[in-house]
Amino acid sequence: MTVDAGKTVSGINIKSSQNRLLIKNGRVVNDDGMEDADVYIEDGIIKQVGRNLIIPGGTRTIDATGKLVMPGGIDPHTHFELEMMGAKTADDFYKGTRAAVAGGTTTVIDFVLPDKGQSLIEAYNNWRQKADGKVCCDYGLHVGVTWWSPSVRKEMEKLVSEDYGVNSFKMFMAYKDAWMLDDYNLMCAVEACAELKALPQVHAENGHIIARNTEKLLAAGVTGPEGHERSRDEEVEGEAVNRACVIANQANSPLYIVHMMSKSAVRAIQQARARQRQPLYGETLAATVGTDGSHYRNACFRHAAAHVLSPPLRPDRSTPQAIVEALADDHLQLIGSDNCTFHEKDKELGKGNFAKIPNGVNGVEDRMAVLWQKAVNTGIMDPCRFVAVTSSTAAKIFNLWPAKGRVAVNSDADVVVWDPRLERTITAAAHKHAVDFNIFEGQHVVGSPQYVIVNGRVCLDDGQLRVVEGHGKFLKTPVNSPYVYGGEEVLHSASEHPLHVDVAPRHVSVTNGTPTPEALNKHLEDMSVTSSGCSTPTGRKMRETGQRNLQSSTFSISKEVEGLDTKTSVRVRNPPGGKSSGLW
Ligand code: URQ
Ligand code: ZN
Ligand code: ZN
C-alpha cells in the first residue's frame, strides 16, 4: 500500500484514528440549496448535519469558517492507463485519482475501451485489475461498444447485471477503422441500451468526413497540429450531435453526449430537445471552459500537440464563456475532464502527421478550480449550480445518488471544504499528474479545496495531500436510474414544469475574472442560508433510496438529526435534460 508519493504502510488501520470527524462552522452547499451547518462524519458516512450536534469526545474538528462544504466532485469522464494510437496514458489509476483528490474530486468514472473484436467482459476484467488496487478514491466504469454482433449484445446484458455493475455504454462516431460504429450498428447499440435501461453515450463527430479532410490536408502539406481542428471543425461536430439525437429518438432512448466542445454542438442538442421524447444530457469538459483552439497555431509542436483532443478545442475564442453559460442555463448538464494525458514523447508520434498525435489532455485535477474561476467568480453560476454540474447531476444520471453527490445524513462522507479565497497559479511543476504538461499552465485561480475527505478519510489536509493507494473502491452502478428512466413523465419545457420559477443567476462584481473581496463577501452573504437560497436550475426531486440506517453508527446519538431539508422550497428553471424552448 502506498501513501502519497511512495511511503509504504503495512499493518496499520489507516482509518481507525480518523473515523470521527466534525466539520464546523461552514456553509453546506448542495445542488438545491445552502445552509450554515456542521457536518459530523463517522466510519465513512455522514451521520449528522445541523447545529448544536452531540458529538463524542476524541472527534477531530475541522474549522470551516468562511468556507463552503460541498459534495466531493464526480468526474464522469476519465481515461487512466489507456492505450491508444500507439501510446499509453501517463496517468495511471493511482496518479490519476491522486490528482483527482488534490482538486476536490472524490469519484471518477473511467471508460473500459475494448479493441474491435475483443470480449467486453474480458476488457472489463482487465480494467478492474488495473484499477482496483490503485485507486485513491471510488470509481465506476462505462464500457465502450466498439464493434457490434449478437455476442456484444449478450455481453452488455451481463455487464448490467449486479455481478458487474455497469449502467452506461459509450459508442464512437469517430476514430474510423478503430472504435467507430456505423449508423446501423450505432442504432442497434442504442436500442440495446434502452432495452436494458442502461444509458447510451456517444462521441459525436463524423468519422468519414474527418478521414477525407485529413487526406486532403496532408496532401496539401498541412501536417502540423493546426490540421487537427481543420479536419474536424464545428460543423462536423454539430452534424454528429444532431444525427446521434435522431438515432436515439428513433430508438426511443435517452442519450448522453460526451465532451461537447462547440457552440454548434450545443445548438444541435438544444434543437433536438425541442422534438425529442427522451432526455438528452450534454457533458462538456474543463478543457473547453479553461482554454481554446488558438493553441493549435502555436509554433512549438510540443505546445500545440499537447492541446490535441477530439473533438478539438475551438478557434472561436468566445466558446469558453458560451459553454459556461450553457452549463449555467442547463443547456449542458455536467462537466467532466476527459483526462487522457500523454507525455511529450508520445505526442511526438504525430510529428509530420497530425492524425497520429495521441488524443487527450489533462483536467481531472483542475476541473473544479477552473470552472469555479470561469463560472462562479464571474457571476455566471452560483455555488449550487456549480455543485450540480461538477457532482450531483452525475450522481443522479449514473444512479449513485444520494450516496454520492450530496452532503446529507447517510450519504458517503465524500466532502470538500472549499476555500473561495484561496489563490494559486496552475502549473505542471506543481500539479499531481504524472504528465509533463498542463493545458491550464499559468492560469490564476481564486477558489480551491482546502480539505478533501474521501469516504471519511482526510486525504487533502489543509492543502497537504495524504491519499492512500487502494483506499477507493469500485462502485457498481445499477441500471434503470430513476433520474433517467424515472416514473415521472419527462418534461421538455421549463414553463411546463409545475415547480417552474424563473430566477436570474446571481452575479458578483468582478475585475478581470477575479472577484473583489467585497464582492465575494457579498456574494456569499447574499445567498440565503436556507434551502431556497440558490438560483440554480435543479433536477426533479429524487426518491432518496438506498439510504443507510442511521442506527448503524458506533456512536449512539440520542436525537436523530435530519439531513438538510430540501423539501420546503424547490426552484426549477429547467427540467432535467434541459429546456427546449428558445434557441441557444
Ligand atoms: O475520445 C475520447 O474520449 C478519448 C478516447 C480520447 N480523448 C480525446 O481526445 N477526447
Ligand atoms: Zn470520445
Ligand atoms: Zn474520452
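This report walks through a metal site, some buried residues and the largest pocket of the structure above. Please keep in mind that the model is predicted.

**The zinc site**

A good place to begin is the zinc ion (ligand 2). Three residues coordinate the zinc ion (ligand 2) at 2.1 to 2.2 Å: Lys170 through NZ, His203 through ND1 and His259 through NE2. Along the chain, these donors follow the spacing K-x32-H-x55-H. The zinc ion (ligand 2) has a metal partner to look for as well, since the zinc ion (ligand 3) is 3.9 Å apart from the zinc ion (ligand 2).

Where do Lys170 and His259 lie? Lys170 belongs to strand 15 (residues 168-172), while His259 is in the loop between strand 17 (255-257) and helix 8 (263-273), so the pair ties together parts that are 89 residues apart in sequence. Lys170 is buried, at 2% relative accessible area, and His259 also counts as buried, at 2%.

**Buried residues to look up**

The table gathers some residues that count as buried, which means a relative accessible area under 20%.

| Residue | Relative accessible area |
|---|---|
| Lys170 | 2% |
| His259 | 2% |
| Cys136 | 0% |
| Cys188 | 15% |
| Asp138 | 0% |

Two cysteines appear in the table, Cys136 and Cys188. How many disulfides are there? The count comes to 0 disulfides. For Cys136, the nearest cysteine sulfur is that of Cys137, 7.0 Å away. A disulfide needs the two sulfur atoms within 2.5 Å, so this pair does not qualify.

**Around Asp138**

Asp138 sits in strand 14 (residues 138-144) and is buried, with a relative accessible area of 0%. Its side chain makes a polar contact of 2.6 Å with the side chain of Lys404. Leaving aside neighbours within four places in sequence, Asp138 is in contact with several residues, including Thr106, Thr107, Val108, Asp412, Asp414 and Asn455. Gly472, Lys473 and Leu475 are also among the contacts of Asp138.

**The largest pocket**

Finally, turn to the open space in the model. The largest pocket holds about 560 Å³ of space. It is lined by 25 residues, and those closest to its centre are Met85, Tyr175, Lys176, Ala178 and Ala355. Which helix gives the most to the lining of the largest pocket? Helix 5 does, with 6 residues. Helix 5 spans 207-219, and strand 11 (83-84) likewise supplies at least two residues of the lining.

Definitions and conventions
Residues are numbered from 1 along each chain as its sequence is written. Chains are lettered from A and ligands numbered from 1 in the order in which they are written. This is a predicted model: local features need pLDDT of at least 70, side-chain atom pairs count only at pLDDT 80 or more; totals for chains, interfaces and linings use all residues. Side-chain values use heavy atoms; hydrogens and water are left out. Donors are N, O and S atoms within 2.8 Å of the metal (3.2 Å for Na, K and Ca); water is not among the atoms, so sites may look incomplete. Helices (H or I, at least four residues) and strands (E, at least two) are DSSP runs, numbered from the N terminus. Buried means under 20% relative accessible area, exposed over 50%, partly exposed in between (1.4 Å probe, protein chains only). A polar contact is a pair of N or O atoms within 3.5 Å; within protein, one must be able to donate a hydrogen and the other to accept it, and residues adjacent in sequence count only if both atoms are side-chain atoms. Contact means heavy atoms within 4.5 Å. On a 1 Å grid over the protein atoms alone, a cavity is a set of points where a 1.4 Å probe fits but cannot get out, and a pocket is an open set with protein on both sides within 12 Å along at least five of seven lines; lining residues have an atom within 4 Å of a point. Grid points are joined across faces, edges and corners, and a volume is the space filled by probe spheres set on the points.
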